[in-house]
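Thank you all for coming. I would like to take a few minutes to walk through one structure with you, so please have a look at it first.

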There are 2 protein chains.
Amino acid sequence: MKEGPDIALIGSLIGDPARANMLTALMGGQALTPTELAAHAGITLQTASSHLAKLEAGGLLTQRKQGRHRYYALAEDEVGLMLESLMGFAASRGLTRHRPGPRDPALRKARVCYNHLAGDYGVRLLDSLVAARQIEVTGEDLALTDAGRHRIEALGIDYDALQKSRRPICRTCLDWSERRSHLAGSLGEALLTHFIEEGWAKREKGSRVIRFSHNGERAFLELFPL
Amino acid sequence: MKEGPDIALIGSLIGDPARANMLTALMGGQALTPTELAAHAGITLQTASSHLAKLEAGGLLTQRKQGRHRYYALAEDEVGLMLESLMGFAASRGLTRHRPGPRDPALRKARVCYNHLAGDYGVRLLDSLVAARQIEVTGEDLALTDAGRHRIEALGIDYDALQKSRRPICRTCLDWSERRSHLAGSLGEALLTHFIEEGWAKREKGSRVIRFSHNGERAFLELFPL
DNA sequence: TTCATAATTCGATCGTAGTCGAAGCATTCC
DNA sequence: GGAATGCTTCGACTACGATCGAATTATGAA
């Protein structure tokens, strides 16, 4: 009768439109305050506060106090992966509330998925690393090869620091626009940070879009060929 | 504000405990009837029917009519992947429930489905006839070839008698233990009757189990190879 | 201190969705 | 043919949760 994990609780948390809007907003990767999230969801602050408490109790969000602000963010990578999976299915069903506008192609090209690169460029990144045998694919698992380690160290990324964290370095994440996997995990995060620090790309305010500069785009495509 | 796919609808569908129980049950891979699903969810048939209609409208389930039964199953692989992702997260939160026990192996091996053979042996029977080009598959329809007609007449089955009845001779029937089609229709019935009359197998009282004798099992496997 | 901003808590209202009994179809069994 | 089974539809009841106004707490600024 009752077997397996309890998905109803998680589902009901995501199932409320207001909460779903907040979670979608937080998929941008930035921590947001209750006031900002209330605006995203189109509800009052009181209601938002109640929702956020539930999401936190359910383990989907974490909260960080900072002065008189409280910053909410997705609790773990796993939350982002799960939401992306839901989005993938919803998108395949044609359940998109987003009116097809000019921002849509930009979103499909490159966007942030919690903390790593997604969209066409995100998929290309993983494909390129796999093609160069710098990442090995075993089923759904990814592993960095020796060549891969040297490669990212050459980019100036501290491999030992990545290894210290308990999070997996490489991880697949299903891309809802491309419907293929892109690179998540601490390496995925580090690479996106690297691109931004190098000035190749930057986050667009108030959305998940990642804008590549002209030179940044050229460098990215050259560095990660197919 | 509102970008990306609408995950709230999907979430709310999964969010109801009764529906979550049904989906969990269907993760087993077998197609189930509303009655069975109602039992899994601990609700009445009426309520289950309402839930199933919603899940189907949401694209999570598909339905297949079979006589006076309706078999529900997960609509696509993507649904399973999505649920798996949710379960993974729920499990990591420690939100686990009971563990499933092994079902009756004899039922899985061979049982009666109305009047024809089902289970592992039932699926094998159809597979073998198809492999020998004695039955042709066109989508969900089955057709007996000339070779097939000669084959069953050689077994002593009266083909003309089968043709006289209004019922289709060959028909697919979804096997709940194997989750694949087996052979139904008047031919399916005639074959099971044949096996029993030959003494190869007999029905077990008070259950749906079909017990093959030692010699019967040997003869069956030899006559219908894979 | 006093005021302003940020956020939570409380309480009341209101809709909606889950639930089941009863009735209505559809199909199969005898 | 009629009875039995499987399932859906309809209608009514109920309960839970989303929502917001008002009051409360907490932090920072003047």
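I begin with Arg70(A), where a backbone N or O atom lies 3.1 Å from a phosphate oxygen of DNA strand C, a polar contact in the sense of a pair of N or O atoms within 3.5 Å. Please keep in mind that this is a predicted model, in which local features need pLDDT of at least 70 and side-chain atom pairs count only at pLDDT 80 or more, while totals for chains, interfaces and linings use all residues. Residues are numbered from 1 along each chain as its sequence is written, chains are lettered from A and ligands numbered from 1 in the order in which they are written, and side-chain values use heavy atoms, with hydrogens and water left out.

On chain B, a polar side-chain atom of His51(B) lies 2.6 Å from a phosphate oxygen of DNA strand C, and for Lys54(B) a side-chain N or O atom is 2.7 Å from a phosphate oxygen of that strand.

Is His51(B) buried or exposed? His51(B) counts as buried because its relative accessibility is 10%, and buried means under 20% relative accessible area, computed with a 1.4 Å probe on protein chains only. Leaving aside neighbours within four places in sequence, His51(B) is in contact (heavy atoms within 4.5 Å) with residues including Asp16(B), Arg19(B) and Met22(B).

Turning to the strand as a whole, 22 residues surround DNA strand C, and among those that come nearest are Thr35(A), Ser49(A) and His51(B), where near means having a heavy atom within 4 Å.

Note on methods: Polar contact = N/O pair within 3.5 Å; in protein donor to acceptor, adjacent residues only side chain to side chain. Buried < 20%, exposed > 50% of the residue type's maximum accessible area, 1.4 Å probe, protein only.
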